[in-house]
Amino acid sequence: MGMNPNELKVGDTFQLEVTEYQQDPETGKFVPVKVTKTFQVVRIRETRYGKEIEATEVAS
């Protein structure tokens with residue numbers, strides 16, 4: 001289903017499901033909400049531990 005991170009190249013986009021905290025208008029409490037965000041790869045560096053992928057969020 002997902003893309004293999006080792007196959008990513010600069011300029012590729014990928015999606016991640018992240019948790020954001022949004023304020024409930026009724027209770028005023030912050031509740032976790034899962035959202036899917038799209039990111040674009042801007043830089044890839046090889047480190048001794050593997051690849052380090054730098055990406056920025058794409059406006060949706």
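Here is a friendly exchange about the strands and salt bridges of this predicted model.

Biologist: Happy to start with the overall layout: in what order do the three strands form the open sheet?

Modeller: Strand pairing in a sheet runs through backbone hydrogen bonds, either parallel or antiparallel. Here the pairing is antiparallel. Strands S1 (13-23) and S3 (50-57) each pair on one side only, as the edge strands. The order is therefore S1-S2-S3.

Biologist: Nice. By how many degrees are neighbouring strands of this sheet turned against each other on average?

Modeller: The sheet in question is the open one made of three strands. With direction ignored, its neighbouring strands are turned on average by 45°.

Biologist: Could we look at S1 and S2 together: over how many bridges do they pair?

Modeller: Strand S2 covers residues 30-47, and its pairing with S1 is antiparallel. As one point to look for on screen, Gln22 stands opposite Val31 in S2. The number of bridges between S1 and S2 is 11.

Biologist: On to the charges. Which residue meets Glu17 in a salt bridge, and is that partner buried or exposed?

Modeller: The salt bridge of Glu17 spans 4.0 Å from N to O and is made with Lys34. This pair links distant parts of the chain, with Glu17 in strand S1 and Lys34 in strand S2, 17 residues apart. Glu17 has a relative accessible area of 57%, so it counts as exposed. For Lys34 the relative accessible area is 59%, over the 50% cut-off, so the partner is Lys34 and it is exposed.

Biologist: And Lys37, which forms a salt bridge with Glu57: is Lys37 buried or exposed?

Modeller: The closest N and O atoms of Lys37 and Glu57 are 3.4 Å apart. Lys37 lies in strand S2 and Glu57 in strand S3, 20 residues apart. Glu57 has 45% relative accessibility and is partly exposed. Lys37 has a relative accessible area of 18%, which is under the 20% cut-off, so Lys37 is buried.

Biologist: Which residue is linked with Lys37 and Glu57 in a network of salt bridges?

Modeller: The structure holds five salt bridges, and the one between Lys37 and Glu57 is among them. The network takes in a further residue, Glu20.

Biologist: Last one: what is the N to O distance in the salt bridge of Arg43 and Glu54?

Modeller: Arg43 sits in strand S2 and Glu54 in strand S3, 11 residues apart. Arg43 is partly exposed at 43% relative accessibility, and Glu54 is partly exposed at 35%. Their side chains meet with an N to O distance of 2.6 Å.

Technical notes. Residues are numbered from 1 along each chain as its sequence is written. This is a predicted model: local features need pLDDT of at least 70, side-chain atom pairs count only at pLDDT 80 or more; totals for chains, interfaces and linings use all residues. Side-chain values use heavy atoms; hydrogens and water are left out. Two strands pair if DSSP finds at least two bridges between them. Helices (H or I, at least four residues) and strands (E, at least two) are DSSP runs, numbered from the N terminus. Axes are lines fitted to C-alpha atoms, for helices over the stretch in contact, and angles run from 0 to 180 degrees between N-to-C directions. Buried means under 20% relative accessible area, exposed over 50%, partly exposed in between (1.4 Å probe, protein chains only).
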